Amino acid sequence: MAISVRIVCPEHLAFEGEAAFLTVPAFDGGLGIGRLHASEIFTIEPGIVSICKERMGDVTDQLAVDTGFVQIADDRVIILAERAENLAEVSVPALEARLQGFEDELSNLSENDARRSNLYNEIAWCKLLLTKAGAS
């Protein structure tokens, strides 16, 4: 028997399927989730969700997620993330170009421009994806 897993973002369903085991980046450390896990709701930090479809230790899917929430109940895991991307689908050259564009735009803004905060978030997201996509 498996765990039902859904990773949902405001704009799309990033993942839906079954898993034997998964890990999520919780604010107080990574959390492993297997069958019959206690019901729980908690927050996540930006990081990687690793999904093992067949058995623990054999990672089949990795998704970068931004901040959000996880609900575990009755062998179902629902992750509500601000955004998520499957690392297998990340184009490193396109991501590097995107990062450079954000950094260029940031360098052209004044110190008290309100758009700086959004650019910092975009740069951090790109760096997370580049770090993990380059390693996978």
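**Exercise 1. Find the side chain with which E122 makes a polar contact, and describe the surroundings of E122.**

Solution. Begin with the pair itself: the side chains of E122 and R83 are joined by a polar contact of 3.1 Å, where a polar contact is a pair of N or O atoms within 3.5 Å, of which, within protein, one must be able to donate a hydrogen and the other to accept it, residues adjacent in sequence counting only if both atoms are side-chain atoms. Next, place the residue: E122 lies in helix α2, and helices (H or I, at least four residues) and strands (E, at least two) are DSSP runs numbered from the N terminus. Then classify its exposure: E122 counts as buried because its relative accessibility is 16%, the classes being buried under 20% relative accessible area, exposed over 50% and partly exposed in between, with a 1.4 Å probe and protein chains only. Finally, list its contacts, a contact meaning heavy atoms within 4.5 Å: apart from neighbours within four places in sequence, E122 touches R83 and F102.

The model is predicted, so local features need pLDDT of at least 70 and side-chain atom pairs count only at pLDDT 80 or more, whereas totals for chains, interfaces and linings use all residues. Residues are numbered from 1 along each chain as its sequence is written, and side-chain values use heavy atoms, with hydrogens and water left out.

**Exercise 2. Compare the side-chain to backbone contacts of N86 and N108.**

Solution. Take N86 to begin with, which sits in strand β10, residues 84–86. The side chain of N86 reaches the backbone nitrogen of A88 at 2.9 Å, and N86 counts as buried because its relative accessibility is 17%. Beyond its neighbours within four places in sequence, N86 is in contact with D61, Q62 and L63.

Now turn to N108, which is found in the loop between α1 (92–107) and α2 (115–135). Here the side chain reaches a backbone oxygen, that of D104, at 3.1 Å. N108 counts as exposed, because its relative accessibility is 66%.

**Exercise 3. State which backbone feature D74 and D75 show, and whether each is buried or exposed.**

Solution. Locate the residues before reading their angles: D74 is in the loop between β8 and β9, and D75 lies in the loop between β8 and β9 as well. D74 has a positive phi of about 50° although it is not a glycine, and D75, also not a glycine, has a positive phi of about 55°. As to exposure, D74 is exposed because its relative accessible area is 63%, whereas D75 counts as buried because its relative accessibility is 17%.

**Exercise 4. Identify the residues that touch the most other members of the largest nonpolar core, and the strands that supply this core.**

Solution. A nonpolar core is a set of buried Ala, Val, Leu, Ile, Met, Phe, Trp, Tyr and Cys residues joined through side-chain atoms within 4.5 Å. The largest one has 22 residues, of which V5, I7, L22, V49, I51, V77 and I79 touch the most other members. At least two residues of this core come from each of β1 (3–8), β2 (13–19), β3 (21–26), β5 (40–44), β6 (47–52), β7 (61–65), β8 (68–73) and β9 (76–81). For one of the members in detail, V77 is in contact, leaving aside neighbours within four places in sequence, with I3, S4, V5, R6, L22, I33, V70, Q71 and I72. A second, separate core of 17 residues includes L87, L109, L128 and L129.

**Exercise 5. Describe the position of I44 and its separation from L128.**

Solution. I44 belongs to strand β5 and counts as buried because its relative accessibility is 1%. Its contacts, neighbours within four places in sequence excluded, include P25, A26, F27, V65, D66 and I79. The C-alpha atoms of I44 and L128 are separated by 15 Å, while the two residues are 84 residues apart along the chain.

**Exercise 6. Summarise the chain as a whole.**

Solution. Start from the secondary structure: the chain has two helices and 10 strands, which follow along the sequence the pattern β-β-β-β-β-β-β-β-β-β-α-α. The C-alpha trace spans about 55 × 30 × 25 Å along its principal axes. Of the 136 residues, 40% are buried. Among contacts with a separation of 6 or more, 53% are accounted for by residues 24 or more positions apart.
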